[in-house]
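Student: Can we go through what sits inside this one, and how the labels are earned?
Tutor: Sure, let's have a look.

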Amino acid sequence: LQSNTAARTMAGGGAAGGAGGGGLQLVFIATGTQVGQVLGAVELLEGVNVRVVSMPCLELFEQQSDAYKAEVLPDGVPIISVEAGSIHGWEKFAHAHIGMTTFGASGPGAAVWDHFGFTPEKIAAKARKVVEFYSSNPVPTLRRPALW
């Protein structure tokens, strides 16, 4: 992640890519190997201004200032979480999720990855749907001061 710094990552969320303000159309939050899959998806999203956030620790992120959290995950921009584990817990941070909602699966790694939607192509397809939906619908605010 080009604009990421160790300090931002250690704070629980390092952002890279995408313009701030009104130009930003989508934010991805990902952990671990999913960051690479998301970066692959971003390459497929021509014409979409995307920010990628590597968030290795939700608890550390929640401890940061409201200003920092709002900078990394701005209001008014749809957010998609990508997590190879359960989507549980991401509802505080993202409007849509790519993750497991069932028990795991057995098989060749690439087939399992594809089954759960963790390929760049499937991530990009979901991203297009989310951007299209929120182009004509208001983006709900996720952060609530009482929770943060």
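Tutor: Bear in mind that this is a predicted model. Among contacts between residues at least 6 apart in sequence, 65% join residues at least 24 apart.

Student: What makes a pair of residues count as a contact here?
Tutor: Heavy atoms within 4.5 Å. By that test Val-82 touches Phe-28, Ile-29, Ala-30, Thr-31, Gln-34, Val-38, Ile-98, Phe-118 and Ile-123, leaving aside residues up to four places away in sequence.

Student: Why is the set of 24 residues called a nonpolar core?
Tutor: The name asks for buried residues of the listed kinds, Val, Leu, Ile and Phe among them, joined through side-chain atoms within 4.5 Å. Leu-26, Phe-28, Val-38, Ile-80, Val-82 and Ile-123 have the most contacts inside this core, so they are of the right kinds and, as members, buried.

Student: Which elements give two or more residues to this core?
Tutor: Strand 2 (26–30), helix 2 (34–44), strand 3 (50–54), strand 4 (79–86), strand 5 (96–100) and helix 6 (120–135). Helix 6 gives the largest share, six residues.

Student: What makes the core with Trp-90 a second one?
Tutor: That core is separate; its 15 residues include Leu-58, Phe-61, Val-77 and Trp-90.

Student: How much of the chain counts as buried?
Tutor: Of the 148 residues, 45% do, which means that they fall under 20% relative accessible area.

Student: And what pattern does the chain follow along the sequence?
Tutor: α-β-β-α-β-α-α-β-β-α-α, with six helices and five strands.

Note on methods. Residues numbered from 1 in each chain as written. Predicted model: local features only at pLDDT ≥ 70, side-chain atom pairs only at ≥ 80, totals over all residues. Heavy atoms only, no water. Buried < 20%, exposed > 50% of the residue type's maximum accessible area, 1.4 Å probe, protein only. Helix = DSSP H or I, 4+ residues; strand = E, 2+ residues; numbered from the N terminus.
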